[in-house]
Every structure is written in C-alpha cells, then in structure tokens.
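Me: Please take a close look at one part of this protein, the open sheet and its strand pairing. Then place that part against the domain layout of the chain.

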Amino acid sequence: MLNLYNSYTKQQEAVNLNQEDVRIYLCGPTVQSSPHLGHGRSAVIFDFFIRYLKHLNYSVLYVRNITDIDDKIIQKSQEQNIDYRELAENVWEEFVQAHENLNCLVPDIEPRATSYVPEIVQYIDQLINNGYGYITESGVYYDVSKFDDYLKLSGRSTEEVKTGTRIETEEDKKSPEDFALWKFSKEGEPSWDSPWGVGRPGWHIECSTMINQTLGKTIDFHCGGIDLIFPHHENEIAQSKGVEKNENFVNYWLHNGMLNLSGKKMSKSDGNVKLLNEYIDQYGGEVVRFFFLRAHYRSPQEFSQDLLEESKKTLNNIREYTKDTESDPVDPKVLEIFESCMNDDMNTPKLLGEIFQMIKESNNLKDLEENQRKQTIKYIFEILGFQLKLADQSIVDEKLLSEFFSMYDIKFTEIDTAMNEFISIRNKLRNEKKYVEADEMRDSILKIGIVINDGENVGWYWKNS
Ligand SMILES: [Zn+2]
C-alpha cells in the first residue's frame, strides 16, 4: 500500500483513493526567467510520483499551470523592452525544452493564467460576496482574519506572518497579513477589466481558480516545492475554502525539498543560480534526472558539479549492467523491493541502495537468474522514466567527424587529439583578435554536437541533447 507524507497533517498516511479517478495539481513555473536546477528537481520528483502512480494502475488526471502574468514578468519585460507575452513565451520555451530533455510527462492540462482571467474575476467576486474580500485604492484583498483555518498548513503564527510581511504599495490593506486578489494596473501595464477597475490577478488566486476550473472543488494531490507552503499554498487554501465552504480542497499535500548550492538554498533572489539547460546540455537530461533520484524528495539536496559527475558515473554503471537486456519484470523479488521502497513515501535513495546491493551480488547468480535480475532492474528504471541507453559519443559518426576536421586540415584519428588541434587553431585566431573567425569555428563545431567553453571553464564537451 502506498504511504505518503501529507504536509497538512504532518504525518505519513496510507493513500486511500478511488484509483479510477485521481486528480493532481502541480504548481508550475512563473515564466519570468530561465529555469534553474530547483525547477528541474520539482519537475522530475513529481514525474517519478506520477509515473509510479501509473505503475500502480491509478488513473491520473494531471494538471500543471503556467503563471504567465506577475509583477516580475512585467518588470523584466519592461527592462528588456519587449511585450510581457513575448518574454513569457520565450521563457516557457526553455521550460518545455528542459522538461522534454528530462523526460518528464506532459501534463494532461497546462492552463495559463492569462487564459482564465474572466473565471478569476468571477472567483474573486464570489469571495467578496462570501465576506472574505474587500476593495481598497490599490486593489482587492483577502481578509485573512475571516478564515479560521489560516496557517494550518504552514503552522506559522499570525505574529510571525505580520512581522515577516513587507509593506510596500499595499499599505492600504486592513492588515499586513492580508493578500492581494486583484491589483489595479499602473499606466502602461498589462490589464484586464473587472467590476472593481482594470488590473491583473494576484498569483495565489490564479491557482485556486485554475484548479477549480480544470479539476473541480476537491483534488487528491496538490504538489509543489516546500518554499510554496507559505504564503502561496496557505493562501490557496484560504481562497478555495472561502468559495467552496464545506468542501474538502486537497486530500494530500506533497512538497519537495529545496536544492542547496554549497549549503545555501538555490533561489532566484540569491544569485547563486546555474541554469538547468546548461547542465542538461553538458551531462544529458538523464544524468540530471538520475541526480534527483539520489535524494529523498522531501529532503534538501546538496548540489555540486562533483556530485553531478558522480551521478554520471553511477548511472553509466547501471547502463552498462543492463545493456543487451530487454526490460521485463521477471524477478518478483526485485519488483517487491522496488514497490516496498516506493510505497514508503517514495524512498528513492533506499531503493538505489538496494539496487546497488543486488548488482553487487549478481555475480554469484546463475546466468538465467542474473539475466532476470538485469531485466527487472531495467524495467524499474523504465517505470521511473529512464531509458538507460549507453552514452553519448557515438551520436556523431566517424565519417562525419573526419569530414568536419578536414575542413581545418586536421586529420581525424581520435577525438581528443583532433580537438586539441582544433582548439589551438582557434586560440591562435583569438590571440590575433580575429574573434569573428573564432566564433564561426565555435558555431560550426556546435552543429556537429561539440560545445567549446572559453573563459573560466575552458575546454570542450559533447552536447548531450
Ligand atoms: Zn500554485
């Protein structure tokens, strides 16, 4: 039986649902800047989860939203002097690319906030009618004093929230802990009509409305990063319970832990952010995906380039072990270990430990048994969204390589020597300040799948995706 930690009740619970109809909402990205590794972690973790539910024969309806209007999107698009829609579209493209390369399932529905503005307006209207919303000079706000269960999910006190809330333009709120449902637009900002004045929705109300529109009043799993618990999910609960008073909003709240870079939380505001797609290019999506499998989803995960290197080696060992076998769940013992780890609040590090142990011991098995073990391990990885294809270099064939290098009078025998020559030709151009030619060389070799780095991380690598 599947057991999961419910962040609302703060305990591990046996999942008891109608398997025929399981509704899942994952808070998706605010498309304001390129995805970083933290976005990758959340996407991959809940992809493991959904794939595992499917393995258990749950029939899943999976929704992940796109927040395509928000203060930061407006600010950044103004800085770049482009329309906010253009910025949102460009950034979304990068997310799509990352999700694809990480082999994440495409959600059944991907609602965009800007496509639901009339519904959002209606939702706010309902909140005002039910006594939770009030209108000021700057917008429409939610009066949290009216909602008894406020802060039940995060366990914070009202005092903490009051002192932790920034008061900026919103000083006409009744109370600092109240939050915006609708913000009146300033000159030149994107805006929509509403009965209260032109403006745009607050972030939290977007999710409440889109959940209601796509999945209904009650959902089974609400997923997201642990950093969303307060205020985002707390406010979603306040809104959803404000509109559908007697309905249960969410059956199980699931939150993934943050990614730490040198012990610091990775978030946009800290500046210690590496771009997800850069790592995917360098290591391949499957290595990055495997890196996320190594930590328990609720724990903070340490990130460093060394750990990613290590993931690559480990994954290659598994690829090597399972090569030349077909995936097939023929070893019931292996399958049982898989399910018992996953049923225990998705304990993937424990699962990996068990798998390594089984690989180690498989020398002692008879050929047939060893092969069955390999087939079943391959099957398990396939369920978790891995293809385990042996890596990368063979993507480019030798004929193509020798044709390419001959353009620079380099005789190709093997890649390292050829690349050394190629790079020294290019460095000579750079030293002569012939940057245009040097850039052309870099661009042309990228077309056959080799990336050249200048500067601090000087060197070259195969583009993996
Ligand atoms: Zn959300």
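Reply: Two strands count as paired here if DSSP finds at least two bridges between them. In this predicted model, an open sheet of four strands follows the order 4-3-9-10, and the pairing is parallel. The edges are taken by strand 4 (60-64) and strand 10 (250-256); each has a single partner strand, so one side of each is left without a neighbour in the sheet. Direction ignored, neighbouring strands of this sheet are turned by 20 degrees against each other on average.

One pair can be followed down to residues. Strand 3 (residues 22-26) runs parallel to strand 4, and five bridges join the two. Within this pairing, Tyr-25 has Val-63 of strand 4 as its bridge partner. In general, strands of a sheet pair through backbone hydrogen bonds, either parallel or antiparallel.

Now the domain layout. The domain assignment divides the protein chain into domain 1 (3-131 + 144-155 + 201-259), domain 2 (304-390) and domain 3 (397-462). The centres of domain 1 and domain 2, taken over C-alpha atoms, are 32 Å apart. Contact between these two domains involves 11 residues of domain 1 and nine residues of domain 2. On the domain 1 side, strand 1 (3-6) and helix 1 (37-55) are the elements that give two or more residues. Helix 1 supplies the largest share of that side, six residues. By residue class, the side of domain 1 that touches domain 2 holds five nonpolar, four polar and two charged residues.

Notes: Residues are numbered from 1 along each chain as its sequence is written. This is a predicted model: local features need pLDDT of at least 70, side-chain atom pairs count only at pLDDT 80 or more; totals for chains, interfaces and linings use all residues. Domain bounds come from an automatic or database domain assignment. Two residues are in contact if their C-beta atoms, placed from the backbone, lie within 7 Å. Ala, Val, Leu, Ile, Met, Phe, Trp, Tyr, Cys and Pro count as nonpolar, Asp, Glu, Lys and Arg as charged, and the others, Gly among them, as polar. Axes are lines fitted to C-alpha atoms, for helices over the stretch in contact, and angles run from 0 to 180 degrees between N-to-C directions.
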